[in-house]
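Thanks for sharing this one. Here are a few friendly notes to read alongside the structure.

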Amino acid sequence: MDDFAKPQKPMFQKSEKKSRVKSLLTLVLIALVFIAPFVFQGFGQIFMVRVLAVVGLYIILALGLNIVVGYAGLLDFGHIAFYAVGAYVAMIVGTPVAKLLGSTFGGLSYFIALPVGGLVAAFVGLLLGLPVLRLRGDYLAIVTLAFGEIVRICLTNNIFGITNGASGLPAAGHALPDPFGLAWLKLHTYFTIGDNFVFTFTSNVYWYIIIVVLILVAIVVVRRQDDSRLGRSWAALREDDVAASAMGVDLTKAKLYAFALGAFWGGIAGVTFSYFQAFVSPESFTFLESSLVLAIVIIGGMGSIPGVLVGALVIQGIPEFIRGIASSGLLDSVGIHLTAEKISEVSSYRMLILGALMVVMMAVRPEGILPSKRLARELHPVKAEPVVEGPSEELDDDMLEKQ
Amino acid sequence: MNILIQQLVNGVTLGGMYALIALGYTLVYGILLMINFAHSEMFMAGAYFGLFTLLFFTNGTIIGKVTSAAPWMSWLKPASVFFTGSTLGLIFLFIIVFAVTFILTGLLGMLTERLAYRPLRNAPRLAPLISAIGVSIFLQNAVLLWIDSKPIAFPSLFPIKNFGYGINSLKIFIVVTSIVLLAILDTFVSKTRIGKAMRATSQDREAAGLMGIDSDFIISLTFFIGPALGGIAGVFSGMYYGQIIFSMGFFPGIKAFTAAVLGGIGNLRGAMLGGFVLGIVESLGAGFISTGYKDVIAFVILIIVLVFRPGGLLGESVVEKV
């Protein structure tokens with residue numbers, strides 16, 4: 001008991017100091033994130049803004065999946081289905097709403113499609129959650145995978161006649177409107193610094209900022225959830241569902257909330273993706289994408305928000321960056337010319353390395369790059385050892401007492 | 001009626017392949033309680049091994065890059081004449097192709113077990129599953145990058161003779177060979193000493209170890225037999241569809257897993273039965289409901305079985321251990 005109590009106080013003081021430094025660092029980081037698109041756009045590196053925006057979308061997706069996998073410990077291989085649902089809802093709802101609002105306010109349709117897409121995705125998440133309540137571990141993984149594929153196949157087969165099959169949306173004449181205020185911003189936010197820095201407000205910058213705001217909101221919401229009663233019931237469910245249930249945790253509720261809330265962020269990311277790309281097709285929602293998002297969560301560190309950020313930067317950011325540089329023609333000035341074939345090879349090499357990384361990571365550092373403390377302790381065999389030895393020592397004591 | 005019989009024939013053929021792949025899932029699950037996600041890639045690798053063996057002995061080519069024009073390959077010319085010249089030669093050729101595929105895919109399976117799963121023997125159950133996905137992604141992209149990203153034609157050397165109702169010699173060959181292989185495996189597991197050791201290991205690895213069974217050897221063997229059979233199914237698939245591609249393993253893999261679950265995972269005969277049932281249901285669904293949704297049928301069956309009867313058709317009801 002004493003051993004446990006002693007280090008508690010200094011640790012707390014230290015962490016208070018640390019947390020002040022930490023929050024300062026966070027503020028600086030957020031500021032940098034907001035300044036970044038202006039700098040890149042100003043210097044004409046438009047592809048970088050796009051790369052960062054795509055990474056941002058994956059961060060939102062992974063934050064959602066992190067709720068299901070990292071917090072609640074439910075393995076979900078079909079997360080991309082919610083992204084698909086959000087994206088298609090945006091296309092299907094956004095276009096008529098934009099028409100209804102007219103040309104002046106049509107750009108607002110995104111802000112209507114956003115909650116609708118999120119809620120529909122959450123509802124679909126509930127639909128998935130209900131039948132799989134009793135399943136655990138790898139069975140759950142397979143069923144969610146099957147679910148993701150069912151959604152994709154239904155989209156490809158033009159289900160209800162609204163998804164336009166494999167050729168995707170928008171169908172001819174149904175394009176989504178420009179986002180609200182972009183035209184105004186384009187006209188009024190134009191400045192130059194010297195000869196090399198020319199900034200215009202493009203749609204890339206617009207979506208980048210929207211995505212960053214969404215990420216910040218998601219992080220705040222997800223963190224508060226994790227600290228709530230619900231978050232603690234997820235942790236209990238993850239660690240030992242039988243014990244949790246015996247302690248009065250409502251497993252059904254915890255699981256359904258996890259699926260619905262995880263799916264919600266998937267839907268939000270999907271809506272934004274739809275407006276950002278102005279095009280969706282079933283090809284964007286394959287199992288491979290699901291495993292990429294899962295890889296972000298796992299390699300970044302399950303149950304950890306900084307882990308998700310780092311994971312998305314490593315897994316989605318680096319290859320997109322390489323591809324962006326290659327296709328922007330920047331390397332031509334250095335004398336390296338990459339053909340389109342070589343560029344697509346880059347993404348295959350990414351997957352190859354990713355596959356190997358997943359294997360190595362599981363053997364060496366199963367808790368990920370920046371893990372949550374609790375999961376690290378659970379997953380890392382070295383730190384787990386004393387826990388395993390604990391009972392046997394107690395047993396020895398008992399035996400000694402008996403003697 | 002005609003369509004019904006045709007679809008039944010297609011279903012049984014497909015079922016034979018599913019059953020062969022499903023055995024790999026069931027064998028591994030029975031012993032390690034893990035889903036070998038990379039098993040679908042064993043099926044794919046088997047198809048490529050088969051293709052290369054076939055090309056090697058008939059054209060004297062290696063992956064389309066080295067041809068028999070190279071002087072050191074010239075010894076292959078008379079061999080290829082023999083193999084493609086007569087019926088006897090063809091029989092020998094197919095025996096060699098299947099044997100080489102069996103061995104190479106089996107070794108690949110053992111290699112993945114040694115590298116990716118063995119270090120995780122005592123890790124939480126999530127770890128080997130993720131590692132397996134990693135292996136799967138790695139193998140697919142290795143083939144994509146280093147062999148070909150486009151479909152490769154699988155030479156149709158097998159003499160195809162039609163018997164009406166969609167029955168042909170190739171389908172008969174596939175079904176008969178599958179059934180023979182299944183019967184051999186069933187006998188091997190139920191009658192031989194090693195088979196007994198496998199069953200013991202799957203019941204209780206620790207206790208089996210105490211009885212003097214080398215569980216590492218048994219696990220290696222399991223990872224040889226499962227992928228080897230999956231590889232054979234891969235060659236069948238190449239012969240049946242006439243082409244192979246790096247991503248060919250995904251759907252058959254998931255469906256074979258469905259078959260294994262349908263029959264009761266861990267249960268060998270269940271996996272065989274599940275394979276045939278799934279193949280037939282899927283073919284009938286494709287013929288009478290919709291070809292576009294034929295993949296959905298398998299997935300819906302999977303979900304229904306897992307939710308309502310997780311033990312499968314032949315499995316015992318699973319008791320949750322706390």
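**Notes on confidence, interface and one helix**

1. Among the elements of chain A, helix H11 (residues 251-277) of chain A has the highest mean pLDDT, 89, and helix H16 (residues 381-402) of chain A the lowest, 44. Here pLDDT is the predictor's confidence in each residue, from 0 to 100, and helices are DSSP runs of H or I with at least four residues, numbered from the N terminus.

2. A word on conventions: this is a predicted model, where local features need pLDDT of at least 70 and side-chain atom pairs count only at pLDDT 80 or more, while totals for chains, interfaces and linings use all residues. Residues are numbered from 1 along each chain as its sequence is written, and chains are lettered from A and ligands numbered from 1 in the order in which they are written.

3. Chain A averages a pLDDT of 77, with 76% of the residues scoring at least 70. Residues 383-403 of chain A stay under 50, and the model has 1 contact for them beyond four places in sequence. Two residues are in contact if their C-beta atoms, placed from the backbone, lie within 7 Å.

4. On to the interface: 35 residues of chain B are in contact with 32 residues of chain A. H5(B) gives the most to the side of chain B that touches chain A, with 14 residues.

5. Helix H2 (residues 39-58) of chain B is mostly covered, as 20 of its 20 residues are buried (20 or more other C-beta atoms within 10 Å of a residue's own, C-beta atoms being placed from the backbone).

Methods: Helices (H or I, at least four residues) and strands (E, at least two) are DSSP runs, numbered from the N terminus. A residue is buried if 20 or more other C-beta atoms lie within 10 Å of its own, exposed if 12 or fewer, and partly exposed in between; C-beta atoms are placed from the backbone.
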